[in-house]
There are 2 protein chains.
Amino acid sequence: MKINYQPIGIVHSPFTKLAGMPIQPSRAKDISGSIEVFPEFTEGLDDLSGFSHIILLYHFHRSTGYRLKIIPFLDNQLRGLFATRAPNRPNPIGLSVVRLASIQDNRLSVMNLDILDKTPVIDIKPYIPEFDKGTEVRIGWLEEVRKREAVSDNRFT
Amino acid sequence: MKINYQPIGIVHSPFTKLAGMPIQPSRAKDISGSIEVFPEFTEGLDDLSGFSHIILLYHFHRSTGYRLKIIPFLDNQLRGLFATRAPNRPNPIGLSVVRLASIQDNRLSVMNLDILDKTPVIDIKPYIPEFDKGTEVRIGWLEEVRKREAVSDNRFT
């Protein structure tokens, strides 16, 4: 079975290189940028401005191949790939929950942006705590290391 | 630009028909099922069992086309598609945060499952509140209607 997707838009961000990027939106609180949705999809953005947060799904276009055990950012031990958020995955889809500042026509201004410039966006969904927020959460290996410094290096380039 | 993905696994759930399904994991608390990850990816599941919740990304394989304005479940007004979680999207990717009960070899037992049986899974990520949980959240049109009854009908079949 083949699954074929096409970009619906593109990310404009200050990050043009992988090294030195914040790893996740929570580490990128002051970073703003925008999502340019291609004009033919603009009508689908109606009503979105009422939401404070959106879920961006995007294609890690710089991803090249993957290994099933990797040393993730934030750690120094090999971990199963699906227990990490590493970009090199069998299907290199990225997910970020970002704050939506405003929408003008087909352009979304967002904050907490942790995505590389020119990344193709494949879906935008409203973030809805009732659906998306786990309760009584455990976070495995990250529990020990979550407080360490969080700036990416070039291990996935 | 074409993006090609391949399933890494398949959902086994009690839901064989779209109508009558719970709309989201939060409405499917008692529903359990499993994710069968294809054997060649099993090693990538290491360390995942330490996480209480996982993010499933999957392909809405029954989705056929889309419109940019739709009447979503939970509402009776036309809304912009990207302000909804409707399955018929330009790229029909589904996202569910589900509770991970256990892992045995290549099979994940999960709870709060709101996904159709035989749905192809394209990615599995650990759910990490620090990254994935919005704060000071507003939920637009859903604010008014979130307390209504939440069982899907057949409008997307």
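Let me start in the middle of chain B: strands β4(B) and β9(B) run antiparallel and are joined by five bridges, β9 covering residues 120-126. Strands here are DSSP runs of E with at least two residues, helices are runs of H or I with at least four, and both are numbered from the N terminus. Two strands count as paired if DSSP finds at least two bridges between them. One of the partners to look for is B:Y58, which bridges to B:V121 in β9(B).

Before I go on, a word on what we are looking at: this is a predicted model, where local features need pLDDT of at least 70, side-chain atom pairs count only at pLDDT 80 or more, and totals for chains, interfaces and linings use all residues. Residues are numbered from 1 along each chain as its sequence is written, with chains lettered from A and ligands numbered from 1 in the order in which they are written.

Back to β4(B), then. On strand β7 (residues 93-104) of chain B, seven bridges join it to β4(B), again antiparallel, and B:H53 has B:R99 as its bridge partner there. How many of the residues of β4(B) are buried? Seven of its seven, across residues 53-59; buried means 20 or more other C-beta atoms within 10 Å of the residue's own, with C-beta atoms placed from the backbone. In a regular strand, side chains alternate between the two faces of the sheet. Here B:H53, B:I55, B:L57 and B:H59 point one way, B:I54, B:L56 and B:Y58 the other, and all are buried.

Now for the whole chain. Chain A has nine strands and two helices, and along the sequence the strands precede the helices: β-β-β-β-β-β-β-β-β-α-α. Of its 157 residues, 47% are buried.

And the pair of chains? Chain B superposes on chain A by a rotation of 180° with 0.0 Å of shift along the axis, RMSD 0.0 Å, fitted by least squares on C-alpha atoms of residues with pLDDT of at least 70 in both. The two copies are thus related as by a two-fold rotation axis. Closest to that axis in chain B is B:N4, its C-alpha at 2.4 Å.

B:N4 has company: β1 (residues 3-5) of chain A and β1(B) run antiparallel, joined by three bridges, with A:Y5 partnering B:I3.

Overall, 61 residues of chain B contact 61 of chain A, contact meaning C-beta atoms, placed from the backbone, within 7 Å. The largest share on the chain B side, six residues, comes from β9(B), the strand we started with.

Note on methods
A residue is buried if 20 or more other C-beta atoms lie within 10 Å of its own, exposed if 12 or fewer, and partly exposed in between; C-beta atoms are placed from the backbone. Two residues are in contact if their C-beta atoms, placed from the backbone, lie within 7 Å.
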